[in-house]
Every structure is written in C-alpha cells, then in structure tokens.
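Open the model in your viewer and keep the selection panel at hand. The stops below go from core to sheet to helices.

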Amino acid sequence: MTVHMRLGFHAPETGAELAGLVAEAADTRTPLEVMGRGTKREVGLPVGSGAVVSTENMVGVALYEPTELALVVQAGTTIGQIEALLAENDQELPFEPVDLGPVLGYGPGEATIGGVIATNLSGSRRILKGSARDHVLGVHAVNGRGEQIKAGGRVMKNVTGYDLGRALAGSWGTLAIMTEISLKVLPAQREARTVVFFGLTDQTAVEALCIAMGTPFEVSGTVHMHAELAAHLSDEDIATAEASVTAIRVENFPASARYRASRLTQTLLAYSPALELDQERSKMFWNEVRTLKMFQGKPNPLWRVSTIPSCAAKLIGNLSRKMEVRAVYDWSGGLIWIETPPLTDGGAVDIRRTLAEFGGHATLIRAEDATRAGIDVFQPLDPPIAALSAKLKHAFDPLGILNPGRMYRDM
C-alpha cells in the first residue's frame, strides 16, 4: 500500500481485504476513520484520521432462513435493503432501529446494519423487544491489529462468544470493524393501534405512559412530545392540535390489537384519550418518530438523553429554567430527544449539570463542527468505567488506530 492509498478513502469488498488494510495501517501507525455510508459521521468528536475506511461495498445476504428467524448480512448492507427483504417474508427487525440519517442530511433507510449495531440505536419498540445488541447472534470483525475475528452463530441456541457482539454494539467503531452480522428477526406485527392524548403536561404524560407499561396489554411504544414538535408531523389531527401529544402503541393480530387499544383507553380514561390511530396512521406516526421528523431540517443542537422515566419530566423542567428546550420523551421518558438553542456549547454545561442531579447520560447527536470539537460529545465516564473501557480498547485496538478520539479524546 502506498502512502497516497493510506491517506485516501478505502472501501474494501471482503473481510480479508479489510484485514490487510487495517494491518498496514497498524504497521504504519496510520489512524483510521471507520464508517459505513457515513450517515452518522457527524455524531461524536471529529476524528483526526490519516485515512477513511468504509464498509459500504460489503453488501449482500450471506444467509436468510425465515423459518429459523435468522439473517446473516454483510455489514455494509443498508437498513432499507434489509427491511425490504424481511417484508417479503412478513418479518422485521424487532428493535425498530432509529434512523438518524434524515436529521443529519441523508435519506431514510441509508444507514448500514454495521453502523446500526455499532451505535446500538434502538427505536420505540425497545421497551417490549429489547435493544439492537439483544438481537445479535454473532459477528465477524477485524480488530485493530488487522486480525479477522468471529464469535457467535447463526441461530439463537449457538451463543458461543456472544459477548463479542455485545461488546461491539455501542462501541462506535472504536474497538473493531464489523464485516458480517448474524441477527435474530421476528414475524412482523399484523396490526398496530395507537391511543393518542392531547394537552397533557410532561409529568402527567409520563405518569400515563408508565401506567400503560404496567398493564398486561404488551405496549410496544410510548412517546410524548411538545406541541411545537408535534406540529411537524404528517397526521393532520396531530399536527393541527396545537397541543402536546402523548401516544401509546399496541401491536398484534387485528382483533387483539383493537381489543388491547380499547382496554387501554378504558384504563386511562382519567387522562382523556382523544383519538385512536388505525394501522395506516399508526404506521406513519411511528415511522416519523423513528426518523425524528419533528427535528428534521433544523440547525439547532440535538441531544439524546437516557434517564430514569420517573425523573424525566423533572429533568426537562429543571433544564427549561436555564434555556428554551423542545423535547420528545420515548420509552416512557427513559429516552429523551432534546433540541436546544444554538448556544456555543450546544447547552452541554447545563445538560451535564442537570444530569448530575437527576442521573443519566447524554450524547450530542447534531451540532456544528466547532461545537462538537469543543465539548464532550458523549457522557464523560466515571473513573472505574473509564479504566475498564481503556482496557477493552487496548485489548481490541492496542495501537489506538480505529476511530481515535471519536467517543473520548484520550481513547
């Protein structure tokens, strides 16, 4: 490999080719920026790299056994391609991955499955079906030495080395570069029904959502959003309500979904449920939650905050006294998307101080390059966790060449 090649853009087609590139980078101490199709490239600290390595040419299905609920795909295969294939067999990715592409200037469905697992971004259905990492059966990857490694299997009963997949999920390409991923898939839900409330305060909405989660009706989505954000959605009744919107989803066979929605409405009568969305309207609503339509086309900083649901409304209330914020509460408040004013630090100081009081962690998803470069984009780690993370990084990438500084400046 020449110096010019090392400092360029590389999109290998096979794991062996990728391993050779990484081995050469390790020999020459060349930092590598790791990505799929780049839809989340603006998340995290800017990577000072000598070369860029993309998995976008590693595409295709290695194995798909619908009866075994198992799918093996190359890491560069897009979510759009995967979901189209699964839909042909009435199946789906159960963790309903969040699609950050549209809020970062890309089209929907362009994210790669490698990028989705590497960032462990799970959608509204996580409260019922689990996170992205929970559905990884096995992975093939290349570590920072240029070695091809693999663990796990193609069916759920084979869990040898399963922890490797869990370690790489959420590592943002800083430990190894995934080349092939084995996933558990599930039958698609036949029908969704959504019970909608208007005008609830944040605290009251979270209370209603938590009550819904405590029912036996297998709720698969609980979201509350401020009125100014709800106005950007496509459903006319919701967009023109000029009020906050609180929504609860149930999914199953048609008769069961309708029955559960009816029972939820009765259970939550005290909160004045106002509307029930049928299958088509529900599908549109939750797809817009998944693609964060309410935040699209805006320049303002966008944060992803995880906290305890019971603290969520108080956290936003406290933060609102420091700056103007707009929020969407998902997972009954366990996940909050927060849009802040275009401050120099994106609101980082106030958000970190508020989290210190209420608990949780925050990641800056969207901001100008200067803002990202000047703050901690990911939640600072407590010393014991930082030490453990450093050991894990050294085990996978001892020379620190994979996405150096992407998550934390010294790793």
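A nonpolar core is a set of buried Ala, Val, Leu, Ile, Met, Phe, Trp, Tyr and Cys residues joined through side-chain atoms within 4.5 Å. Keep in mind throughout that this is a predicted model.

**Stop 1: the cores.** Select Leu100, Met225, Phe285, Phe295, Trp303 and Trp337: of the 59 residues in the largest nonpolar core, these touch the most other members. Then add helix H12 (residues 309-320), which supplies the largest share of this core, 6 residues. There is also a second, separate core of 28 residues; Val136, Ala169, Leu175 and Phe396 are among them.

**Stop 2: Met225 and its strand.** Show what surrounds Met225. Leaving out residues up to four places away in sequence, Met225 touches Ala230, Leu233, Ser244, Val245, Phe285, Val289, Met294, Ala327 and Val328. One of these contacts, Val245, is also the bridge partner of Met225 in E13. The strands concerned, E12 (residues 219-225) and E13 (residues 245-252), pair in the antiparallel sense over 6 bridges.

**Stop 3: the whole sheet.** Widen the selection to the open sheet of 8 strands, ordered E14-E11-E13-E12-E16-E17-E15-E18 with antiparallel pairing. Its edge strands, E14 (275-277) and E18 (361-366), each pair on one side only. From one strand to the next, the twist averages 20°.

**Stop 4: Asp330.** Within strand E16 (residues 326-330), pick Asp330. Is Asp330 buried or exposed? Its relative accessible area is 4%, under the 20% cut-off, so Asp330 is buried. Apart from residues up to four places away in sequence, Asp330 touches Ser124, Thr222, Val223, Val289 and Leu335. For a distance check, draw a line from the C-alpha atom of Asp330 to that of Val34: the separation is 29 Å, for residues 296 apart along the chain.

**Stop 5: helix H3.** Go to helix H3 (residues 79-88), whose buried residues are Ile79, Ile82 and Leu86. Looking down the axis of H3, you see these buried residues fall within an arc of 65°, so they line one face of the helix. Their cover includes strands E4 (61-65), E5 (70-74) and E6 (91-92), together with helices H4 (113-119) and H11 (279-290). Just after H3, select Asp90, which takes a positive phi of about 55°.

**Stop 6: Lys393.** Finish in helix H15 (residues 383-396), where Lys393 is placed. Lys393 counts as buried because its relative accessibility is 8%. Setting aside its neighbours within four places in sequence, Lys393 is in contact with Thr174, Leu175, Pro398, Gly400, Leu402 and Met411. One of these contacts, Leu175, belongs to the second core from Stop 1.

Note on methods: Residues numbered from 1 in each chain as written. Predicted model: local features only at pLDDT ≥ 70, side-chain atom pairs only at ≥ 80, totals over all residues. Heavy atoms only, no water. Buried < 20%, exposed > 50% of the residue type's maximum accessible area, 1.4 Å probe, protein only. Helix = DSSP H or I, 4+ residues; strand = E, 2+ residues; numbered from the N terminus. Arc of directions from axis to C-beta. Contact = heavy atoms within 4.5 Å. Pairing = 2+ DSSP bridges. Axes fitted to C-alpha atoms, helices over the stretch in contact; angles between N-to-C directions.
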